Amino acid sequence: MKSVDQDDHCRRKEVIGEVRRASGTWGFFRLVNHGIPLTVTDEIIKGIKRFHEQDTEIKKQFYSSDPDLYVSKYANWRDRLESYPLDIIVQYWKHITKLADTVIGLLLEALGLEKDHLKRIFTDFLVLSGHYYPACPEPELTLGTSKHSDPSFFTLLLQDHIGGLQFLHRNQWVTVKPISGTLIVNIGDLLQLINNDKFKSAEHRVLANRNGPRVSVACFLNTKSSDNTKIYGPLKEILSEENPPIYKYITMKEYIEHYIKKGLGGVSALDHFKLSSN
Ligand SMILES: O=C(O)CCC(=O)C(=O)O
Ligand SMILES: [Fe+2]
């Protein structure tokens, strides 16, 4: 994707076309001219790397248990943290909240929905998660991150130069080449649910790697946790006789509980909420 913030109407149409095609076919697209300076993307990656390479004694105060660890069959070869005590996070955050807003607009336009929908659907709540994948001596025996789709509306993902991120496309794993400073936007389950499968969430995974460490930063656009009782389902305005609802209307609480119980790997958590599954 090229510049998305130009005022040029024709160019915007072109960009929306690209977003629509990529979101409907691949479930993800790359953002090139997103406005976040290279110094900021480089510094956040370096900052997260430094944080994880500190002494265990210092890191201990940030330990908590990962809900997936006791559910999934395999433990992921990575560490993750959601709140880093780093100044660079504050800077990155300012850029990413602005960018998330731009991406919401693009995705809604690509879906043919009015921008007014924005406030109603996206009670936006961004969560930043930083990942550190240590070099793995036997990468063929495990994964950095098991196959999954994100439970978010969408995710803004920044990765360093090591690589290993793969998306499932027509039953084949496709590697996303790391390109410095670019961001990947991947469609999450919640967006798939509300647009009734027009854009599908992207199944992805991260390979474990002998060359490491690898660092990535994911910003998930979720619903507000206080919105746990709000009902989400296929939007009425996109449904028709030819496009009947595929999913039940559910709360995020129900969805997240099922997502965690199911664990990473295996089938999509959304399948459980298909109307035909009953
Ligand atoms: O590390 C990555 O590149 C991807 C991580 C990821 O998919 C996730 O945390 O949901
Ligand atoms: Fe993910």
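**Exercise 1. Find the residues around ligand 1 in this predicted model, then sort them by element and by character.**

Solution. Start with the list itself: S129, H131, T145, D150, L157, Q159, L165, H204, V206, S216 and A218 surround ligand 1.

Next, ask which elements give two or more residues to this shell. Those are β3 (124-133), β5 (154-159), β9 (204-207) and β10 (214-223).

Last, sort by character. The shell around ligand 1 holds six polar residues, four nonpolar ones and one charged one.

**Exercise 2. Work out which face of helix α1 (residues 9-25) is buried, and what the buried residues pack against.**

Solution. Get a feel for the helix first. α1 has 17 residues, and from first C-alpha to last it reaches 24 Å, close to the 24 Å expected at 1.5 Å a residue.

Now pick out its buried residues, which are V15, V19 and S23. Look down the axis of α1: these residues fall within an arc of 60°, so they line one face of the helix. Here's the rule behind that kind of pattern: an α-helix has 3.6 residues a turn, so residues three or four places apart point the same way.

Flip to the other side of α1 and you'll find C10, K13, G17 and R21 exposed.

What do the buried residues of α1 pack against? Their partners are β1 (28-31), α4 (87-110) and β8 (183-187).

One extra detail: just after α1 comes G27, with a positive phi of about 85°.

**Exercise 3. Do the same for helix α2 (residues 38-52), starting with its length.**

Solution. α2 has 15 residues, so at 1.5 Å a residue it should span 21 Å; its end C-alpha atoms sit 22 Å apart, which agrees.

The buried residues in α2 are T41, I44, I45, G47, I48, F51 and H52. Around the axis they cover an arc of only 160°, so they're on the same side of α2.

Which residues are exposed on the other side of α2? They are L38, T39 and R50.

**Exercise 4. Explore the largest nonpolar core and see where L107 fits in.**

Solution. This core has 60 residues. The ones touching the most other members are A100, V103, L107, F154, L156 and V185.

Which element gives the most to the core? It's α4, with nine residues.

Now zoom in on L107. Leaving out residues up to four places away in sequence, L107 touches V19, S23 and F154. You've met two of these already: V19 and S23 are among the buried residues of α1.

**Exercise 5. Hunt for unusual backbone geometry in the loops around β9.**

Solution. Begin with the loop between β9 and β10, which is where P213 is placed. The peptide bond from G212 to P213 is cis, with omega near 0°.

Then go to the loop between α6 (189-194) and β9, home to N196. Phi of N196 is near 55°, a positive value in a residue other than glycine. Is N196 buried or partly exposed? A residue needs 20 or more other C-beta atoms within 10 Å to count as buried. N196 has 17, so it is partly exposed.

D197 lies in the loop between α6 and β9 too. D197 isn't a glycine either, yet its phi is positive, about 75°. Apply the neighbour count once more: D197 has 16 C-beta neighbours inside 10 Å, so D197 counts as partly exposed.

Methods: Residues numbered from 1 in each chain as written. Chains lettered and ligands numbered in written order. Predicted model: local features only at pLDDT ≥ 70, side-chain atom pairs only at ≥ 80, totals over all residues. Helix = DSSP H or I, 4+ residues; strand = E, 2+ residues; numbered from the N terminus. Expected span 1.5 Å × (residues − 1). Buried ≥ 20, exposed ≤ 12 C-beta atoms within 10 Å, placed from the backbone. Arc of directions from axis to C-beta. Contact = placed C-beta atoms within 7 Å. Near = placed C-beta within 6 Å. Nonpolar A, V, L, I, M, F, W, Y, C, P; charged D, E, K, R; others polar. Core = buried A, V, L, I, M, F, W, Y, C linked by C-beta atoms within 7 Å.
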